[in-house]
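Biologist: Could you walk me through the charged pairs here, and show me how each label is earned?
Modeller: Gladly, let's open it up together.

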Amino acid sequence: MDASKKYFTSRLLQWNTDVNDRHMPWKGEKNPYKIWLSEVILQQTRVEQGWEYYNRFVAAFPTIMDLAKAPDTQVFKLWEGLGYYTRCKNLLATARYIADECRGQFPDQYEDILALKGVGPYTAAAIASFAYNLPHAVVDGNVFRVLSRFFANNTPVDSTEGKRFFTALANELLDKKQPGIYNQALMDFGAVVCKPQLPLCTQCPLQKKCGAYLTGMVSNLPVKEKTIVQRTRWFFYFVMEYKGRLYVRKRGAKDIWENLYEFVLLESPAPTDMEEVKRSPGFKKMLTKNAYTAGPISKIYSQKLTHQTIHGQFARLHLKNAPELEGYEAVTEKELELLPFPKLITSYLKDKNVSLNLL
């Protein structure tokens, strides 16, 4: 290892010992189940948001066997609001695999951890190093940013070449005797010092040899080559009530919000209003020969996802007869409270101006 690399590793560990006071409930944890749980929650989620969910999951499911035995609906309800629900689906699948195939014992080798559903190289390295002190470097957005800046390397971090290069570099820099401590120090450093915006360069212990700082390139690194194409969708929901029950369905695979529930839905290609919706074939088919009384139309609620933005409105309908709705089930308001919904719908349900005591 050359001098600059030795400097990087030693100074980072010194900073971790002398300065780093970042606290998180899973920090220093050795239980692989809890480490895995925290890492899955933190995928695509800020630490501040994930903290509360982690504590709730550990309280509800103290062991992986408890999680494996839990009903899907209970787990998804606890996950409600975190988004990226495939993580929750994989969480359950992996817990049940370990319970059934591994007799409840979490794998203790990197390759076996990596083979678990929903676990990628970053999560596998985190579990392997934190729980078992195995020498595998974590490589995430924080690590890409820190290494790209310190070594002034403009290889796009989201390219195949960039991922390969920075992963190899991270493993070369890794302190093999204390990989868990080193990995946590590097992630903390990226989160609190070498931040994406407004990094604390004047307080940085690596400043003297940081290539980006010395060449004025901090704001230009890391480089990314891909841009996300955004899609906009318009959902019109009907909160249909008949004899004190509301109609909902569980969303299926191959679209957003798999395994979450929703009210009766009509999707339109553009913004619409109730009068236009009434004239649509979909609405007429749903309410053939069924009289109804309409309540107020809600404001527009929005939810931004990685590749799309969803806009939704809600109309309340009190039906005179039971509707013929394929795939929907009638539930009471109490049963409704136990079901997991996407954030768009929970925002509507939690709105102080909304009441489900229909008409």
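Modeller: One term first: a salt bridge is a side-chain nitrogen of Lys or Arg within 4 Å of a carboxyl oxygen of Asp or Glu. In this predicted model, R233, R249, R251, D255, E262 and E267 are linked in a network of such bridges.

Biologist: What makes D255 and R233 a salt bridge?

Modeller: Their closest N and O atoms are 3.0 Å apart, and the cut-off is 4 Å, so the pair qualifies. D255 sits in the loop between β2 (245-250) and β3 (261-268), while R233 belongs to strand β1 (residues 231-242), 22 residues apart.

Biologist: Why is R233 called buried?

Modeller: Its relative accessible area is 5%, and buried means under 20%, so R233 fits. D255 has 35%, which lies between 20% and 50% and therefore counts as partly exposed.

Biologist: How do you know that D351 and K299 form a salt bridge?

Modeller: The closest N and O atoms are 3.5 Å apart, which is within 4 Å, so the label holds. These partners are 52 residues apart in the chain.

Biologist: Are D351 and K299 buried or exposed?

Modeller: D351 is at 14% relative accessibility, so it counts as buried. K299 has 53%, which is over 50%, so K299 is exposed.

Biologist: What makes D72 and R96 a pair?

Modeller: Their side chains meet at 2.8 Å, N to O, again within 4 Å. D72 lies in helix α5 (residues 72-79) and R96 in helix α6 (residues 86-101). The whole structure holds 16 salt bridges.

Notes
Residues numbered from 1 in each chain as written. Predicted model: local features only at pLDDT ≥ 70, side-chain atom pairs only at ≥ 80, totals over all residues. Heavy atoms only, no water. Helix = DSSP H or I, 4+ residues; strand = E, 2+ residues; numbered from the N terminus. Buried < 20%, exposed > 50% of the residue type's maximum accessible area, 1.4 Å probe, protein only.
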